[in-house]
Amino acid sequence: MKLNKLLHFLFAFTLLLGIVSCSNDNNDEQEVFYGNGFLIANEGTFGKPEGDVTFVSADLNLKQDNIFSLNNGGAKLGDVLQMIAFKGENAYLLLNNSNRIQIVNRFNFKAAGEIKAELNVPRYMAFANNNIYVTNDKYLGDKFVSIYKASDFSFIKKITFTDAAERIVEAGNNIFVQNASFGFGNKITYINTSTNDIQSTITLPNGNINKIISNNQNVYAIAAGTTDSYIYQISSTGSITKTTTLTGIANGTNLEISNGKFYFSSGKNVYAMDMTATTAPTSPLFTVANSVDNFSALYGFSVINDKIFTSDSNGFTQASKIVVYSTSGTIIRSFTAGIGSNSVYAN
């Protein structure tokens, strides 16, 4: 065997060992490149510092659990990893019950800083106009957006709300806050990032908001009713520009957009429809398998690069089951991740 082929073989073998033997405590010094794959946010058990991240290669063949702990000397990430956000070479890991945002290099997962000031049960975060915007929503307590400089993570100000401060997205360099949680509420707040003040409040005419997302400089909200659900398109200046009625589909949630299609769920059913369609689908793309309870069955739902990732959290008593489907509804792969897997991100 020629020397260069031997070296390539040894390199690939070393990388394989570093990923597949993820449960081996002796591997925490094995550096792996985490780009060109997927990151899975695992909440862990509430009240315990079990939150961490699972890495899966782009072809879904290789997996490594607990990559923060593995690459930071066994350190615990924290309690309830709510979400992951990205800016430049950094990944921002938002810890809901630890009141902290851990910043890491997204490619090697080495710690690179943290934000702790003015956080009180943080929920979600977004970037706009060189600032970081974080929603905070304490049960029966304060609800606000805390704003930081992206350059040095210093605190700028907070914007308080009387309604919920849940999901937050950027569109057209403006910020939109979902003032609805747990299926209650129909308002979205538009924040002008030039002044960091509230510009307006958007009230949706029907349904309660379950999720807002951003796509192609628009905001999309899925709102659930008892008989029908609705998908609203909202411009980057805060106007409702289109309403799609999901006739006969109650309690729509888990909205995602990929390649010109809406993907969403109702109960254990997952649906797909063209964004230009005027008629709701009459049958689901697929139905997820039974779980220990209905809440767990679709705890996580993400659509990335023509792959649909679903997470069954198994009642938060054991590892989550991740099932990956094609956009035609065929199962591609299934594997386990951490406790309470809630989202998958392209890295």
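Accessible areas here come from the Shrake-Rupley method with a 1.4 Å probe. With that in hand I began with the surface of this predicted model, and I noted an accessible surface of about 15,400 Å² for the protein, of which 48% belongs to carbon and sulfur atoms.

**Entry: the whole protein**

I looked up the secondary structure next and found three helices and 28 strands in the protein. The radius of gyration is 20 Å, close to the 20 Å that the globule rule gives for 347 residues, so I recorded the protein as being as compact as a globular protein of that length. For the extent of the C-alpha trace I wrote down about 70 × 50 × 40 Å along the principal axes.

I then turned to burial and contacts. Buried residues, meaning those under 20% relative accessible area, make up 52% of the 347 residues. Of the contacts in the protein with a separation of 6 or more, 41% are accounted for by residues 24 or more positions apart. I also checked the charges, and the mean positions of the 25 positive and 26 negative charges lie 3 Å apart.

**Entry: strand β18 and its partners**

How many of the six residues of strand β18 are buried? I found that five of them are, so this strand, residues 229-234, is largely enclosed by the rest of the structure.

I followed β18 to its partners, keeping in mind that strands of a sheet pair through backbone hydrogen bonds, either parallel or antiparallel. Strand β17, residues 218-224, runs antiparallel to β18 and is joined to it by six bridges, and within this pairing A221 stands opposite Y232 of β18. The two strands form a hairpin, with four residues between them.

Strand β19, residues 240-246, also pairs with β18 in the antiparallel sense, over six bridges, and here I noted I234 opposite I240 of β19. β18 and β19 form a hairpin too, with five residues between them, and in the turn G238 has a positive phi of about 90°.

**Entry: an open sheet of four strands**

Further along I traced an open sheet whose four strands have the order β20-β21-β22-β23, with antiparallel pairing. Which strands stand at its edges? They are β20 (253-258) and β23 (286-287), each with a single partner strand, so one side of each is left without a neighbour in the sheet.

I looked at the β23 edge in more detail: strand β22, residues 269-274, is joined to β23 by two bridges, and the two run antiparallel. In this pairing I recorded F286 of β23 as the bridge partner of V270.

Note on methods: Residues are numbered from 1 along each chain as its sequence is written. This is a predicted model: local features need pLDDT of at least 70, side-chain atom pairs count only at pLDDT 80 or more; totals for chains, interfaces and linings use all residues. Side-chain values use heavy atoms; hydrogens and water are left out. The radius of gyration is taken over C-alpha atoms; the globule rule is 2.2 Å times the number of residues to the power 0.38. Buried means under 20% relative accessible area, exposed over 50%, partly exposed in between (1.4 Å probe, protein chains only). Contact means heavy atoms within 4.5 Å. Lys and Arg count as positive and Asp and Glu as negative; His and the chain ends are not counted. The place of a charge is taken as NZ of Lys, CZ of Arg, CG of Asp or CD of Glu. Two strands pair if DSSP finds at least two bridges between them.
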